[in-house]
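Welcome! Here is a short briefing to help you find your way around this structure. Take a look at it first, and then read on.

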Amino acid sequence: MKKWMFVLLIAISITLTGCGESDASSKLSGRKPPETVIQIGNETYPTKLGTYCWSTSNTSECVDTAGPEGLLEGKEPIVVPPGEEITFIMDYEPLPNEVHLAIYNGDKEQEVKVVNHRFTAPAEKGIYYYSYGVWWMDENEENVSNGDAFYAFALEVK
């Protein structure tokens, strides 16, 4: 858990540093980051928006929330078979240009590879909490984020 808090503090520091407006922020619209769902087979499931910073031409806002386990407390995980392919779907333009996925199982945290908006569920049975972090990095200014968001969801591998 200490490792998760450390990672969260670093992520917040980075996002707050880059949360200022720039010319590219006008490309973002809406009051907050877009909804993101995961698709498993033909079914889609919502994710829970967590911590984010969002800048448009009119506003800039940063919100800090609990991690995936706290955000999803009391919610049933999505049941999947081992090794199931899962796809992220975000109906928004522009799509984020940087993504990271972390999986949490008890006190263990691990980076998960995302390729073409897809990843594979774990092979071992259990309940896994995920944090899907996305960034809209400025194309003109290095290390400047025009917006970022962390989405939480849980899978139960049976």
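Start with the outside: the accessible surface of the chain comes to about 9200 Å², and carbon and sulfur atoms account for 49% of that area. Please keep in mind that you are looking at a predicted model. The points below go from the overall fold to one cysteine pair.

**Fold and order of elements**
- You can trace two helices and eleven strands in the chain.
- Starting at the N terminus, the order of the elements is α-β-β-β-β-α-β-β-β-β-β-β-β.

**Burial and contacts**
- The chain has 158 residues, and 44% of them count as buried.
- Take the contacts between residues at least 6 apart in sequence: 72% of these join residues at least 24 apart.

**The disulfide**
- How many disulfides does the count come to? The count comes to one disulfide.
- This bond joins Cys-53 to Cys-62, with an S to S distance of 2.0 Å. That pair qualifies because the cut-off for the two sulfur atoms is within 2.5 Å.
- The torsion about the S-S bond of Cys-53 and Cys-62 is about 115 degrees, so the disulfide is right-handed.

**The two cysteines and their surroundings**
- Is Cys-53 buried or exposed? Cys-53 has 2% relative accessibility and therefore counts as buried, since buried means under 20%.
- Its partner Cys-62 has 35% relative accessibility, so Cys-62 counts as partly exposed.
- The disulfide thus links a buried cysteine, Cys-53, to a partly exposed one, Cys-62.

Conventions
Residues numbered from 1 in each chain as written. Predicted model: local features only at pLDDT ≥ 70, side-chain atom pairs only at ≥ 80, totals over all residues. Heavy atoms only, no water. Buried < 20%, exposed > 50% of the residue type's maximum accessible area, 1.4 Å probe, protein only. Helix = DSSP H or I, 4+ residues; strand = E, 2+ residues; numbered from the N terminus. Contact = heavy atoms within 4.5 Å. Areas by Shrake-Rupley, 256 points an atom, 1.4 Å probe, with all protein chains shown as cover.
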